[in-house]
Structure formats: C-alpha cells, structure tokens
Amino acid sequence: MSNDNSGWADRPESRRLIRRVLYAACILLVIADFLVHRHISTDIERVPAFYALYGFAALVGVVMAAKGLRLLVKRDEGYYER
Amino acid sequence: MAPDFHPFLPFAVAALLALATRGWLRSAILLAAPAVGLWHLTGVEVGTATALELMNLELVPYRVDRLSLMFGYLFHIGAFMTVLFSLHLRDTLQHVAGIVYAGSAVGAVFAGDLVTLFVFWEILGLSSAFLVWAARDERSAAAGIRYLVYQVASGVLLMAGLIWHGAATGSLAFVELGLGTPATLLILIAFGIKAGFPLVHNWITDAYPASTPTGTVFLCAFTTKVAVYALARGFPGVEALIYIGAFMACYPIFFAVIENDLRRVLGYSMINQLGFMVCGIGIGTSLALNGAVAHAFNDVFFKGLLFMSMGAVLYVTGRTKASDLGGLYRTMPITATLCVIGAITISAFPLFSAFVSKSMVMTALLEEGRWVVWLAMLFASAGVLEHAGIKIPYFAFFAHDAGLPAKEPPVNMLLAMTLAAVVCVGIGVFPTLLYGILPYDAVYSPYDLTHVLTQLQLLAFAILGVVFLHMTGRYPAEIPAVNLDVEWLWRKALPWTAAQICAALAVLAAALKGGLAALRREAIAHSDQRGLSSALARSWPTGSMVLWVGVFLALMLIAGLLTSVNA
C-alpha cells in the first residue's frame, strides 16, 4: 500500500492519528451531552447522547441498505446502450 | 440612482456581444454582465414594478420584492462564479448558452406574471440543453434530448396551467396560488419537474454528469433554484410538499452511496438538498421559508464548489469515476483543499454555510411538532455526510493512488472555486450577511449551544460509522456499474414494450400477408386442377367442330324437308 514516496495521507501513522482525533472528539461530545443542558423539543431527544447514537445508526443503516439495493439495481456499464 | 432596466438586459447584451468577440474582450464582457447587474440591483427599490399591456393581457415583466431580490442577488453572484469558472474555454456555444441561461434565471425570478415566467422558463430549459450538448459526444447528445423532454413537459404543463388559471380567475399575476384547483395543480407539477420531484428526478442524474466540466456547473446553479423560488412564491405552506421534500431528501442517499460516477453522486446529492428546501416551503412558516430560500442560496455555492472540483478533476484527468480516481491530493492540493471545504459545508458543520440554513428548516419542523419528518431529515443529514462529505473528496483525492498524471486546473477555475469557498465560510461565520437579505420576518440564531452540540454529535458519530464500516471491511467497494432508477421505466421498459407491440404487429401483418398469399395460391391451384381442364375451358380439335356443324346442317335439312312435305 504505502512506501517512502507516498504522501502524508497514505502513511498508516497519519491515518491512525486522524482516527485517534476522531475517537477523542466522539468521547468528548458524549461527555458534553451529560454536562450541557440541551433544549428538548421532542421526547426522543431525552435519550442520552441521542444525536450521537442516531448519527452512527443512520450512517451504518444507509450504507448497509445501499449495499442491499445494489443487489437489486446493479447492471453492467453500457446497460442502456444495448 | 442608477437607471432602472430589466435585469435580463445585461445578460442579453452580453450574449450578443459574446457572439462577435473573442479572447480577453469576450471574457471581460461575460464577467461584466453579472457585475453590472448586481450593481444595478443594489440600487433598485423594493416594490418597483413595471406593468405592460400586450394583446389584452395585463403583464408585469419586472417586479421587485424581497423574495425576488434575494434570488436576484444569488443568481448574479452565481453567474459571476460560473462564468469565471468557464473563462479558459474557447467555446462560443458554451459561453453564449451559459450567459443566456443565467440571464433567463434572473428574468424568471423578477417576472411578476405567469406569462413572463413561462417565457423565461422556456429560455431556461432550451439554453441549458445546449450546455448538455456542448460535450459533443454520443452520450451527451442522447442525454440532452432526454433532458429537453423533461424541460418541455414542464413548460407545456405550466402553459396549460396558466391558461386555465387565467381563464378561471381572470388574473395572471404570479402570487401565492395554493393547491385549490386543477389549474394550480398543473402549475405545481410544472414547478415540481424542474425541482426534481420524485419520479421525475432523473433528468438531473442523467444530464448533469453528461455535460462538460464547466456546463454542469452552470446547470447546477440555476434551473432547480428557479424552481425552488417558484414553489416558495406560489405554494408556501402546501402540506404535500413536506412529505415530497422528506422523500426527496431520503431516497437519493441510497443511490449516492453505490454510484460510481462522482458527478452523478452529486446529482443525487442535489436532489437530497432540494428535499430540505421543498420541505421548508411545505412547512410554510416564516422561519421555514427563510430556511428554504437560504438553503437554496447556500446550495449554489457549496454544491457549485463540489461540482467545480469534480469538473476540475475531469478537465485535468478526463475521468470522474470513483473506480478510476484516487490520490490526486498530491498533484492537485489546492483543488483538493477547496473540495474538502465544499464537502464540510454540505455536511453542515458549524461555521459553514449549510449549517446556518439547514438548521432553520430542522428547527421549524420541531416547532411545528412534525417529529417523524424531522427524524427522516436527520437521517438524510447523516446520509449527506457519507456521500457528499466523505465519498466525493475521499475517492477523488485520497483512497488508493490511481497514479493518474495530473496538475492543478487553470487559474480561472481555481479563482471560481475560491470565490465559492469564501462564500461558504463567510456565510457560515457571519450568518447575518445572509439573514439580512432573507425575505420573511423571523428571528433566528443558529449558534446556540444545543444546535452546535447536537450537530457535532450527529456528524462525529456518522464519521465514526464510516470508520467502523471501513475497518470491518463492510464499506461497499466502488464498482464500475450502472444502477437502475425510475428512469429505467422510460429508458428500458417503455422502448421494450413498444418493441414488443411492434413485433406483435409485425407478426400479425406477416400472418395476414401469408394468409392472402395462400388464398391467391389456392385460387390458382384450384383453377389448374379443375377449371382449366373442365369441359368448357378445354381446347377442342377443329375437325370435331366441322363434324358437329355438318350434323347441325343435316338436321336443318331434314327438318326443312319434313315441313315442306306437310305444306
């Protein structure tokens, strides 16, 4: 994958650093959820860290559903030209 | 004060002059048109209207109110940006079609009556078709025709609706129409086609990726935003739009995840963003309407920025498919950075423009107690992050290095992208710049602790979701493929059905022909076997004829003798 000529974004250590920053941000945001009083408009928002859970679930859900959709709609390139 | 003229005028003049000029002079003229127009707009009074009576029709070709003025500003800045992006071209077709197209969008938002709107609506559709055809290849030729069919259908419905509406109400004024009569329903569908409503959305994903690197940037800025303007003017608070908008926001994100052509991904992304606008118009409160039109304003720049960055990649490498690209951040660092700014903006991170507009629609949904739709839109927001926020920059500029030779695009392209990025960040950091020109009276502050915290939580954990899928090998690979959408019905099923009907008719015709031929053969065969050999048709020897004449004469003689004896 990577070699000495590769750019910064291809090096495993920079990728690891980016992931660690993300993990740290996620942890801080969940901690903040318990410290800060959010304005609540609907009951579902009362779930602790609701937005975090929903964001993760929605994204994984979208991608997994799209993989399922691919089974249904994927055709070879040039399908319409034939 | 500046002399007052119709805002279409500078664009029309520039289009004519562009036909006759070349090089830097044409560039200057094309840039001057939106610049002069914008300078003119800063001087016009809200409430200005020009009435005109033509063939007994009361027309208002030029009307300025806060809604039209906001879109007027938008289209002038957008036109400047897109013209700048296309200045390196030596292509009269694209320059002229582009400036006419931008001008017709301006004309449409200042139209005070439905007839004037219709005229600009048609120029908009026709001029933009030439931007699709400007790619001058087989794909764009076919896609341009399909694109034009949608645009013409929209125009025909608008004309039918406005005639019916005018005849029924006696007024052609373009004001709030509401969804009360079949006539206004026709007009709503006409607007809906150009806004990318469900089932009639595929012209966006079909034609936009088929156009030139620069043509697509023009296309993405105007048609759908004119439609959003028209919906906001004619149908605010129509409840059906809430659900149509929610569907538009959710449906395309699944297709965007698996689509390989990155400009087609952006086409789906565009429908998704339009969903937020249409939904806001459907809610119809001042806050929601402000959110809808503000999001339309911001979309021109962040979606324009993404389309421009993909246009730059296409211009430099000749490719836009995710499976062909990757690793360009090393050879195109400026383009990559600008693309990432667009990606962060469309994902609606705080301090970027989409955050300050989209959150207005989301807040309005909660204020109206529509929490099911709100959950759907929140779901769609996470989807945006995946396909536009991460997929676009990741597969083009990062991912595996495809080893394509590349360099930064021409300087005018970089300047146009920089202008868009400055607008994205500028409005994000100073939202009052945009809020000051919003047409409806609503007080809203995007930067309170709840909004910022919840949005960051949503986005950070959505990114975490992407990382999780990558690390566990569940993230779908980019595969060169075509994904079927509703358009399959008219691109495949309809021609197939027509071909089947034709084939069936051909079989029927062949059967009829065969039957007739058999009858004819039968008649001939029949006459051969019996007719020609029957007693009367047979050829007779002359001798027998003489014999029978002799017999006949002998009988006559005998009969004469007998009668004379008796006498």
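**Figure 1. The exit from helix α13 of chain B.** Ala348(B), just after α13(B), takes a positive phi of about 70°. The coordinates shown here, as in every view below, come from a predicted model. The helix before this point, α13(B), covers residues 333–346. It has 14 residues. From first C-alpha to last it reaches 20 Å, close to the 20 Å expected at 1.5 Å a residue.

**Figure 2. The surroundings of α13(B).** In α13(B), 11 of the 14 residues are buried, so the helix is largely enclosed by the rest of the structure. The buried positions include Thr335(B), Ala336(B), Leu338(B) and Cys339(B). Val340(B), Ile341(B), Gly342(B) and Ala343(B) are also among them. Ile344(B), Thr345(B) and Ile346(B) are buried too. Which helices do the buried residues of α13(B) pack against? They pack against α12 (286–317), α14 (353–367), α15 (371–397) and α16 (411–429), which belong to chain B.

**Figure 3. Helix α14 of chain B, one of the packing partners of α13(B).** α14(B) has 15 residues, which should span 21 Å at 1.5 Å a residue; the end C-alpha atoms are 22 Å apart, which agrees. The helix is mostly covered, with 13 of its 15 residues buried. Gly369(B) follows α14(B). The phi of Gly369(B) is positive, near 75°.

**Figure 4. Ile283(B) and its contacts.** Ile283(B) lies in helix α11 (residues 262–283) of chain B. Is Ile283(B) buried or exposed? It counts as buried because it has 25 C-beta neighbours inside 10 Å; the cut-off for a buried residue is 20 or more. Neighbours within four places in sequence are left aside here. Beyond those, Ile283(B) is in contact with Ile242(B), Ala288(B), Ala364(B), Leu365(B) and Glu368(B). Gly465(B) is a distant reference point: 182 residues from Ile283(B) in sequence and 31 Å away in space, C-alpha to C-alpha.

**Figure 5. The β1–β2 hairpin of chain B.** Strand β1 (residues 49–54) and strand β2 (residues 57–63) of chain B run antiparallel. They are joined by 5 bridges. Leu52(B) has Leu59(B) in β2(B) as its bridge partner. How many residues lie between β1(B) and β2(B) in the hairpin? There are 2. Met55(B), in the turn, has a positive phi of about 50°.

**Figure 6. The contact between chains A and B.** Chain A puts 39 residues into the contact, and chain B puts in 43. On the side of chain A that touches chain B, α1 (12–35), α2 (50–73) and β1 (74–75) each supply at least two residues. α2(A) gives the most, with 16 residues. By type, the residues on this side of chain A divide into 24 nonpolar, 5 polar and 10 charged. The predictor gives the complex an ipTM of 0.92 and a pTM of 0.89.

**Figure 7. Strand pairing across the two chains.** β1(A) is joined to strand β3 (residues 482–483) of chain B by 2 bridges. The two strands run antiparallel. Arg75(A) has Val482(B) in β3(B) as its bridge partner. Among the elements of chain A, β1(A) has the lowest mean pLDDT, 92. The highest, 95, belongs to α2(A).

**Figure 8. Chain A, as context for the contact views.** Chain A has 2 helices and 1 strand. Along the sequence they follow the pattern α-α-β. The C-alpha atoms fill a box of roughly 60 × 40 × 15 Å along the principal axes. The radius of gyration of chain A is 20 Å, whereas a compact globule of 82 residues would have one near 12 Å. Of the 82 residues in chain A, 16% are buried. The mean pLDDT of chain A is 88, and 94% of its residues reach 70 or more.

**Figure 9. Chain B, as context for the helix views.** Chain B has 20 helices and 3 strands. Its radius of gyration is 35 Å, well over the 24 Å that the globule rule gives for 567 residues, so chain B is more spread out than a compact globule. The C-alpha trace spans about 150 × 65 × 55 Å along the principal axes. Buried residues make up 52% of chain B. Of its contacts with a separation of 6 or more, 80% join residues 24 or more positions apart. The mean pLDDT of chain B is 93, and 97% of its residues reach 70 or more.

Methods
Residues are numbered from 1 along each chain as its sequence is written. Chains are lettered from A and ligands numbered from 1 in the order in which they are written. This is a predicted model: local features need pLDDT of at least 70, side-chain atom pairs count only at pLDDT 80 or more; totals for chains, interfaces and linings use all residues. Helices (H or I, at least four residues) and strands (E, at least two) are DSSP runs, numbered from the N terminus. The expected span of a helix is 1.5 Å times one less than its number of residues. A residue is buried if 20 or more other C-beta atoms lie within 10 Å of its own, exposed if 12 or fewer, and partly exposed in between; C-beta atoms are placed from the backbone. Two residues are in contact if their C-beta atoms, placed from the backbone, lie within 7 Å. pLDDT is the predictor's confidence in each residue, from 0 to 100. Ala, Val, Leu, Ile, Met, Phe, Trp, Tyr, Cys and Pro count as nonpolar, Asp, Glu, Lys and Arg as charged, and the others, Gly among them, as polar. Two strands pair if DSSP finds at least two bridges between them. The radius of gyration is taken over C-alpha atoms; the globule rule is 2.2 Å times the number of residues to the power 0.38.
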